[in-house]
Structure formats: C-alpha cells, structure tokens
Amino acid sequence: MSDTTTFTLEVLRYNPESDDVPHAESFSVPYQEDWVVLDALNWVKDNVDGSLTFRWSCHMAVCGSCGMMVNNEPVLSCKAFLRDYLKDGKGTITVGALKNFPVEKDLVIVMDSFMEKLEAVKPWIIRTTEKPVEEGTFIQLPKQLKRFKHHTSCINCLLCYAACPQVGLNPGFIGPAALALAHRYNLDSRDQGKDLRKDVTASEYGVWECTFVSACSEVCPKDVEPAGAIQEQKIESSIDWALDHLIPGRKAR
Amino acid sequence: MDVIETDIAIVGAGGAGLRAAIAAAEADPSLSVTLLSKVYPMRSHTVAAEGGAAGVAKAEDSLDHHFNDTVSGGDWLCDQDAVDFFVAQAPKELIRTEHWGCPWSRTPDGKVAVRPFGGMKIERTWYAADKTGFHLLHTLFQTSMKYPSVKRLDEVYTTDLLIEDGRIAGVLAHEIRSGKPMVILARSVIICTGGAGRVFPFTTNGAIKTGDGMAMAFRAGVPLKDMEFVQYHPTGLPGTGILISEAARGEGGILVNKDGYRYLQDYGMGPPDPWPRKKAMELGPRDRLSQAFWQEQQKGRCIDSKWGDVMHLDLRHLGEAKIAERLPFIRDLALSYVGVDVVNAPIPVRPVVHYTMGGIHTDITAGTPVPGLYAAGECACVSINGANRLGSNSLTELLVFGAVAGRNAAAHARGVPMPSHTNALAQADGHRKRVVALLERSKGTESVVGLRTALNDTMETGCGIYRTEDSLRATVETLAVLKTRFANVAIDDKSGVYNTDLTGAIELGNMIEIGETMALSALQRTESRGSHQRLDHPARDDAAFLKHSMAHRVEGEAPRVEYRDVVITRSQPAERVYGGEAK
C-alpha cells in the first residue's frame with residue numbers, strides 16, 4: 001500500500017440538475033496493482049468527490065450493476081483491472097456510462113427500456129398444466145440441461161446492449177440479453193411456452209433486427225452467447241414461416 | 001408527499017422478498033403487492049450465494065437428520081419448532097423452484113443432484129453448479145413477472161416504518177432517481193432486506209448489505225435477536241473478501257497450513273482420512289473452521305502472502321473436468337482476483353465476515369411483535385440458525401420463510417382496514433426530517449467515509465472471531481461516540497437525482513446502530529457458543545445463556561439487552577461432535 005504512483009481517471013460526468021451535456025472530469029488516483037476500475041471510482045467518491053455517481057454492489061462480477069464504458073469498451077468495472085490499462089501504473093483511463101442508454105447521472109444509465117423488454121419475452125416457465133409439488137421434480141437429463149444452460153448465465157449487465165449496433169439504431173429492438181433469455185426458456189425441456197414468446201421474438205423488434213455482428217457475444221462477461229441464441233431463433237422462425245405456408249391452418253395455435 | 005396505497009408492501013426484492021411476493025400473489029390475486037427495493041431485483045445479494053440450498057432429497061436421508069445437523073450446528077441456540085417446520089418445508093420449496101425453471105444440476109438419470117456441505121450427515125445440498133444463489137434469484141425474479149398483482153418499485157429506498165396504534169401502517173421511502181419522498185400505506189409490510197455484513201471491513205457481502213431493514217425495525221420498537229452471532233466464512237479470497245464456496249470443500253478440496261499440513265485435525269475435526277468424509281475435517285462447520293484459522297495464526301502457522309496471513313485451499317486433485325463441471329465460477333474468481341488457476345495451484349484463503357445469524361425478532365409465522373409486520377431471510381431471526389448457520393440452509397430459509405411471510409401477510413391484509421393517511425403522513429414528515437437534515441447540513445464536521453472506516457475498524461478489532469470483555473467494551477464505547485459524531489455528518493452531493501452520497505449516509509446511520517447491538521449483545525453474553533467465542537469465557541454456559549439475546553432500542557442511550565428462552569422440543573443440548581466421533 002506504500003506505492004505512490006498515480007494515474008489519471010477521466011470520468012464523463014453528467015448531472016441533469018446542472019449540466020446541459022456530459023463533460024469529462026479528471027482525477028488523479030493512486031495506483032494499486034490489485035485494483036479494478038471500480039476501486040478507483042470508490043477511491044474518488046470516498047476521498048475527492050462524494051457526488052460521483054455509479055452503481056455497484058457485489059464486486060465479484062455476478063450482480064451485474066457496474067457495467068460501464070472503460071476506454072470506450074463496455075466492461076464490468078469490478079473485473080477491469082487497472083494493470084491491464086496502464087503501463088507501470090501510469091497513464092489515463094477513461095470511464096463513461098454505457099452506450100446506447102440515456103444517462104441518469106454520471107455513470108448511471110436509465111434502464112427502464114431493458115426492464116420492459118425483459119418482461120416482454122415472458123421469461124418464466126409456461127405450461128398448459130402445472131405439475132403439483134407432490135409429484136416431485138421434473139426429470140431433466142444432463143444433455144437436456146446442457147442445451148440451454150449457457151443461456152441461463154446472463155447477469156443483465158447490459159454490456160451487450162452497449163455493444164450492439166442495432167440497439168443504437170433501433171431503440172425498440174428487444175436486444176441480445178432478452179432474446180437469449182427467451183431462447184433459454186424455449187429450449188428448457190420443462191417449458192411449453194415457445195409459441196407465446198414468438199409474438200415478441202419473431203416480431204419486427206425481435207430476432208430479425210439482428211444483423212449478426214456478434215458484438216454481444218464478444219463483450220459478454222458470462223459466455224451467454226446471445227448471438228448464437230438469436231441465430232438459432234432465426235432458423236426456427238424461418239422454418240415456422242415455411243411450414244405455415246406449406247400446411248394450411250398450421251398457424252392457428 | 002405522494003401516497004401509494006397497497007395491501008402488502010415488501011421491502012427488499014432479493015430471494016426472500018421475491019418469494020414472499022409470489023406467495024402473496026398466489027394466496028390472493030385480488031390483493032395488491034408492492035415490492036420496493038433500493039436496487040433492481042437481480043442486483044440483490046442472494047445473487048452471490050454459490051454452493052447450494054439444503055433440503056432432504058436422498059432416500060437414506062431424513063428430516064430428523066436435517067433437524068439434528070441444523071440444531072447441533074447452531075450449538076442448540078435454534079428454536080426447534082422453527083427448525084422442524086423448516087426442514088419439512090425445505091424439499092417442497094426447492095421442488096417449486098425446480099418447477100419454475102431453476103437450472104439445478106442433475107444426476108445422469110435426470111434427477112436433481114445433491115452435494116455434501118459442512119456439518120451435514122448426508123448430502124442434501126441442491127446446487128446449480130457453483131452459482132446457486134444467482135440462479136435462484138433470477139428464477140424467482142423472472143417468475144415474479146407473471147403475477148399481475150405484483151408491482152415493483154425498483155431503486156426506491158425505504159428509510160422508515162410507519163406505525164399506527166401499535167400496528168404497521170406502511171413505510172416512508174424515496175425514489176432514488178428523483179429524490180422524491182413517498183409514503184406507501186400498507187395493511188401488511190414484509191421486511192426482506194438481507195444482512196449487515198458491511199458493518200465489518202472484510203466481508204463477502206456486497207455494498208448494499210447495510211442492514212437497513214434491521215435498523216428500521218429496531219427504530220420502530222422491534223427487538224433485534226441474537227445479534228452477537230456473526231458468521232465468518234472460512235474461505236474468502238484475501239484482499240477482496242470474495243467468497244470461495246464451501247462447495248469447493250464439499251467436492252473434496254482440502255485446507256493446509258504453511259507446512260502443507262491439514263491443520264483441522266488438530267482442532268477436533270480429524271482424523272484426516274478417509275477423505276472426503278462428512279462432518280469431518282474440511283466438512284466441519286464454519287465457526288469451527290474459522291476459529292481454527294485464528295488459532296493457527298496465533299501459532300505462526302499461516303502462509304505469509306502479499307495480502308497477509310492466508311491458508312491454502314487445494315483443489316488440484318479434483319482434476320480439471322470436475323472443476324469445470326462443478327466449480328466453474330470458483331475457477332474464474334480465483335483466476336481473476338488472485339491470479340491462481342485452481343487446476344494447477346492452491347487458492348489463498350482466509351476467514352471473512354459472511355452472514356448475520358441474528359436479526360429482526362420473528363416467530364415461526366415470520367411475524368414480528370408489531371401486528372402486520374413480517375420479516376424473512378437474512379434480516380430476520382426465526383431462529384433456525386442459532387449460534388452458527390450451516391452452509392446451504394440460508395437459501396432454503398429465504399424460500400421457506402419468504403413464502404410463509406407472503407401468505408401470512410396476505411391473510412393479515414384481508415382482515416384489517418387501510419391505515420389512515422393523516423396519521424401516516426404526520427409520522428412520515430417527522431422521519432423525513434432526518435433525511436432532509438442530511439441534505440441541508442452544509443457545515444458538518446464528519447464525513448461518511450471517516451465514520452464508516454471508524455465503524456469497520458472497531459467492529460473488526462473488538463467484535464471479531466474471538467472477543468474479550470476489554471475488546472468489546474472498547475468497541476461499545478467507540479460506537480457510542482460514533483453515534484454522536486454521526487449527527488454532524490455532511491455529504492458532498494446535494495442533488496435530488498440519484499444521490500448515492502445521501503443513501504450512503506443513511507446506510508451508515510443504520511450500520512452504526514446495528515454494530516452497537518452486535519457489540520453490546522456480545523459483551524453481555526459471557527459464554528462461548530457457536531460463532532460467539534469469548535477468550536475470557538471459553539465454555540458454553542447453558543444454565544445462564546441457553547437464551548436468545550433481545551436488543552431493544554432506547555432513545556439517546558445504548559440498547560437494552562434482555563433474554564428469551566430458546567424453544568427446545570426434542571433435542572437436549574449436548575456436546576457438538578465432529579470428525580471421527582461424529583454421528
């Protein structure tokens with residue numbers, strides 16, 4: 001802790017009560033080899049300016065609160081080590097709110113739209129009849145679990161929305177995380193709700209908006225593979241479309 | 001001030017709050033449920049639980065075994081009627097989460113797999129790899145969306161409970177994004193705000209775990225029970241305090257000191273072989289393992305690392321395939337935060353504050369002494385955890401008692417009228433002055449970080465794994481001073497929009513009060529039991545202290561600690577036995 005090397009943390013700040021547009025503010029922060037960007041932000045908040053505003057909680061990359069742009073890339077700030085951005089503890093790191101979202105204040109984004117999209121895909125098990133608790137658990141073979149397991153790992157950190165060019169162009173696009181979650185339930189052997197989710201996932205705001213740049217999967221800190229989930233849904237949607245046209249009356253569910 | 005009327009208000013949207021919301025919605029869809037949380041539900045700290053959730057699953061296991069493990073693990077401070085209820089409900093609640101889609105790990109034939117945990121006679125820990133809390137929380141959150149009667153108020157910070165004629169009337173809160181105060185009038189209120197690990201400096205707990213609900217209930221006259229019992233988890237990463245799940249030992253990991261020696265055999269946990277073996281060595285209970293670390297530290301047998309004293313948790317013999325399947329998150333965390341690939345090298349670990357056994361006094365109905373007020377999860381003390389919680393009982397506890405709280409809050413709401421606006425608003429105005437004072441005080445002499453550091457330091461120094469009268473007395477005195485100094489705290493941020501400086505200051509006030517109940521209850525318990533170890537009173541004293549401590553708030557003074565009998569139904573206090581002699 002005796003290391004006195006300092007680096008520059010340049011934070012894009014915005015307070016809607018006093019600012020018309022965001023502005024950069026630089027802080028000189030002591031470098032610690034073990035520190036992540038979130039530690040540096042907390043150091044500033046504790047020692048320089050208590051009004052610096054950002055979300056965080058777990059500090060172990062699972063609560064999904066602390067996503068932000070670091071050197072213009074969307075990352076979890078609790079897992080972005082200073083040493084990976086600096087040389088000998090010196091230099092500049094820039095930090096800003098996640099792209100493609102309105103900014104509430106400083107590094108805090110408005111995420112109402114995401115919460116609505118999440119709910120829109122009906123991310124819960126849908127069954128025609130509920131299984132009574134007395135009958136015990138469903139049988140689900142390891143290979144059936146494996147089919148969707150990776151898509152269950154999403155922490156809703158929204159890095160994929162910040163990386164996705166389509167989210168930037170079309171704010172209505174359901175987007176990677178929510179579409180991957182829909183696919184996760186569709187693939188679950190316990191679920192029977194695929195047709196109900198299709199109203200949203202195959203709509204004009206659904207999978208067809210995706211241009212398969214795969215930026216979402218690249219920035220995903222949990223290997224959820226949203227890009228793959230969306231492509232698989234496109235294929236299923238195409239097959240459905242073809243069958244609907246080949247077999248009269250099939251579309252009625 | 002805006003007023004929202006609701007039948008049931010739930011404060012906290014982690015595992016317990018979400019389970020309560022679902023239970024209330026299912027009990028009576030005509031009742032309105034308002035779910036308030038200072039964070040979005042998926043940020044709640046349930047997310048960080050790793051190893052699993054306990055519930056009898058195997059034919060050779062039984063509810064009696066789960067009961068006995070829990071009661072002896074808790075050093076007989078558990079209320080046995082509550083434990084009986086808990087173990088009976090546990091499998092049903094876990095089955096429900098399976099029906100809701102929780103991706104439980106499976107056996108080759110497609111049944112839910114279970115793993116052993118510390119202090120457990122037969123394996124009964126259901127797990128979803130090593131991210132069980134994450135999967136449970138997201139399953140509950142996503143499932144909660146299908147109930148139209150559940151309305152969420154995300155990022156709304158509750159500061160106070162409102163009471164009318166001795167019964168609950170609602171809560172005072174403010175919307176974090178606007179700073180706008182609001183009164184939520186409610187027939188029933190359920191507190192599900194989690195624990196208070198942040199009172200300590202080195203903890204697995206996320207930043208949000210500041211014991212807000214405990215402090216609110218305490219201020220409203222509800223006693224806090226067994227607050228001296230704070231669990232140290234034996235294996236946290238040095239530096240950050242990140243949790244390395246007990247599942248790592250459940251799957252066969254071993255702990256060694258600087259000589260490569262499995263030191264737990266010297267502390268009543270041996271013999272070391274055969275291994276793995278239940279209720280022995282690394283599968284002993286958390287209190288004993290954390291205490292063994294401290295003892296080794298006194299003998300100079302820890303490993304000297306750049307983060308200070310550590311022990312080594314060695315998983316190498318498990319092999320890469322098993323680690324990838326069962327412990328992928330542990331592998332990722334160790335690699336990221338201490339630069340260790342667990343496949344090739346041992347993990348440096350040390351004990352870390354993990355869980356608050358004590359909390360808001362509730363009974364088996366999840367009810368508090370205030371009619372209409374319920375509490376569930378880590379913020380509550382039923383008590384099924386006694387003096388030391390067994391690993392994997394807490395996720396199940398939030399399901400079982402979250403559901404109970406939701407159902408009972410619904411039943412209560414049906415039978416009482418909506419509280420009056422006039423009374424609630426008058427009370428809310430009074431409470432709101434505290435918040436406004438923080439915003440308006442421009443010449444404060446104290447900073448949030450200064451007081452928080454002082455609080456953390458005194459809790460660790462005086463109220464840690466081992467305690468003495470002198471250490472506790474010094475901490476109690478320091479805390480009394482901190483309470484006074486808090487009246488002069490000033491914040492930098494005066495804005496209405498998303499003011500985390502303000503919420504941080506309110507949280508600090510809550511934590512100082514909670515720290516005081518912990519230290520004072522610890523000072524007055526002149527015995528050693530479970531996680532509460534007194535160097536000056538090393539023996540358990542059932543004659544004097546087979547009792548719950550009940551800390552009551554006294555305005556302007558230190559809390560008053562009273563005692564309440566433990567409910568003993570069928571297991572008389574005995575010696576806790578682990579290792580070769582364990583039953």
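In chain B of this predicted model, helix H1(B) leans on helix H10(B): B:Gly15, B:Ala16, B:Arg19, B:Ala20, B:Ala21, B:Ile22, B:Ala23, B:Ala24 and B:Ala27 in H1(B) meet B:Leu395, B:Leu398, B:Leu399, B:Gly402, B:Ala403, B:Ala405, B:Gly406, B:Arg407, B:Ala409 and B:Ala410 in H10(B). "In contact" here means that the C-beta atoms of two residues, placed from the backbone, lie within 7 Å. Helices (H or I, at least four residues) and strands (E, at least two) are DSSP runs, numbered from the N terminus.

Local features need pLDDT of at least 70 and side-chain atom pairs count only at pLDDT 80 or more, while totals for chains, interfaces and linings use all residues. Residues are numbered from 1 along each chain as its sequence is written, and chains are lettered from A and ligands numbered from 1 in the order in which they are written.

Back to the two helices. H1 (residues 15-27) and H10 (residues 393-415) of chain B pack at an angle of about 40 degrees, with their axes 7 Å apart. Axes are lines fitted to C-alpha atoms, for helices over the stretch in contact, and angles run from 0 to 180 degrees between N-to-C directions. That angle makes H1(B) oblique to H10(B); under 35 degrees counts as roughly parallel, over 145 as roughly antiparallel, 65 to 115 as roughly perpendicular and the rest as oblique.

Chain B also has an open sheet of three strands, in the order S3-S5-S4 with antiparallel pairing. S3 (53-54) and S4 (114-115) of chain B stand at the edges with a single partner strand each, so one side of each has no neighbour in the sheet. Two strands pair if DSSP finds at least two bridges between them, and two bridges join S3(B) to S5 (residues 125-126) of chain B. Look for B:Ala53, which stands opposite B:Trp126 in S5(B).

Now for chain A. An automatic or database domain assignment sets the domain bounds, giving domain 1 (6-109) and domain 2 (112-246) of chain A. Their C-alpha centres lie 31 Å apart.

Here are two contacts that involve chain A:

| Contact | One side | Other side |
|---|---|---|
| Chain A with chain B | chain A: 42 residues | chain B: 45 residues |
| Domain 1 with domain 2 of chain A | domain 1: 13 residues | domain 2: twelve residues |

On the side of domain 1 of chain A that touches domain 2 of chain A, the largest share, three residues, comes from S4(A).
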